[in-house]
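User: I'd like to learn how to read a fold from its features. Can you walk me through one, a piece at a time?

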Amino acid sequence: MKPMTHPTATARDPVCGTAVVAAESRHSTTYRGMTFHFCSAQCLERFRQEPSLYATPTQVVDHRPLPKHRRLRILSADAATVERTCRRIREMMGVAAVEASGEVMLVEYDLRQVTLGQVEAVAFGEGVRFLGGLHGLRRAWWKFTESNELGNAAHPASGACCSRPPPRVR
Ligand SMILES: [Zn+2]
C-alpha cells in the first residue's frame, strides 16, 4: 500500500516528538496499518520494543518523561575509554546527563526514550564493563522494572480505553 503523504509532509517521531520529513525518513515502520517515521535508529528500536506505548492516537499520548538516575559501577576501563563512552552515551536520544568519576558512572535519562539496556549496550560496545555480583543483580532488577514501567505506561491500569471499560468504583 502506498503511503498517502505529501512529499514534504512532516510526521512526528512518536518516541521523541521530533518533526521528521516523511519522504526523507530513513527510519520508519508500520504498526496496525499506520506508518511511523523516526529521527534515528534508536527511536525506531524503542518503538519496536513497545509499540503500544507510542502508537496511541496523538490526543491521548502521554509525553510526560519518566526520568531515571542510575549509578553504574565501572569494573574495568581506562580513563580515555570511559571518557569516550560518556560522550557516546550523551549523544543518545533521551540522555540528559552522563558523568564519570573514578569507578562510578552517573547516567540520567528519560525512560520513554531510552532504556538502561540500550545505555549498557553502548557502553559494552565501547569496551566498558560494569561490576557484577550485587551490582549486576541490581542492574538486572532495574532493567526488569523499566520494562514493567513501560508496559504500565502503555496500558494504564486505571484508564478506560476502547476495548476496556473503566474500573467499577465500589
Ligand atoms: Zn526521535
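User: Which residue takes a positive phi just after H4?

Analyst: Bear in mind that this is a predicted model. The residue is Gly 127, with a phi of about 100 degrees.

User: Okay, now the big picture. How many helices and strands does the protein have?

Analyst: There are five helices and eight strands. Along the sequence they come in the pattern β-β-β-β-α-α-β-α-β-β-α-β-α. As for burial, 23% of the 170 residues count as buried. If you take contacts between residues at least 6 apart in sequence, 56% of them join residues at least 24 apart.

User: Back to H4, then. How should I read a helix, and which of its residues are buried?

Analyst: The general idea: an α-helix has 3.6 residues a turn, so residues three or four places apart point the same way. In this case, H4 covers residues 116-125, and its buried residues are Leu 116, Gln 118, Val 119, Glu 120 and Ala 123.

User: What covers those buried residues of H4?

Analyst: The cover includes three helices, H1 (41-49), H3 (79-90) and H5 (133-154), along with strands E5 (67-76) and E7 (104-110).

User: You've brought up strands. What order do they take in the open sheet?

Analyst: Generally, strands of a sheet pair through backbone hydrogen bonds, either parallel or antiparallel. Here four strands form an open sheet, ordered E6-E7-E5-E8, with antiparallel pairing. E6 and E8 stand at the edges with a single partner strand each, so one side of each has no neighbour in the sheet.

User: How many bridges does E5 make with E7, and which residues stand opposite each other?

Analyst: E5 and E7 pair over seven bridges, in the antiparallel sense. Lys 68 stands opposite Tyr 109 of E7, and Arg 70 is opposite Val 107 of E7. On to E8 (residues 129-130): two bridges join that strand to E5, again antiparallel, and Ile 74 stands opposite Phe 130 there.

User: Let's zoom in on one residue. Is Val 95 buried or exposed?

Analyst: Val 95 belongs to strand E6 (residues 95-101). The way to judge is to count C-beta atoms around the residue, with 20 or more others within 10 Å meaning buried. Val 95 is buried because 20 other C-beta atoms lie within 10 Å.

User: Which residues is Val 95 in contact with, leaving aside neighbours within four places in sequence?

Analyst: Those are Ile 89, Arg 90, Val 107, Tyr 109 and Val 114. Take Tyr 109: it sits 14 residues away along the chain, yet the two C-alpha atoms are separated by 4.2 Å.

Methods:
Residues are numbered from 1 along each chain as its sequence is written. This is a predicted model: local features need pLDDT of at least 70, side-chain atom pairs count only at pLDDT 80 or more; totals for chains, interfaces and linings use all residues. A residue is buried if 20 or more other C-beta atoms lie within 10 Å of its own, exposed if 12 or fewer, and partly exposed in between; C-beta atoms are placed from the backbone. Two residues are in contact if their C-beta atoms, placed from the backbone, lie within 7 Å. Two strands pair if DSSP finds at least two bridges between them.
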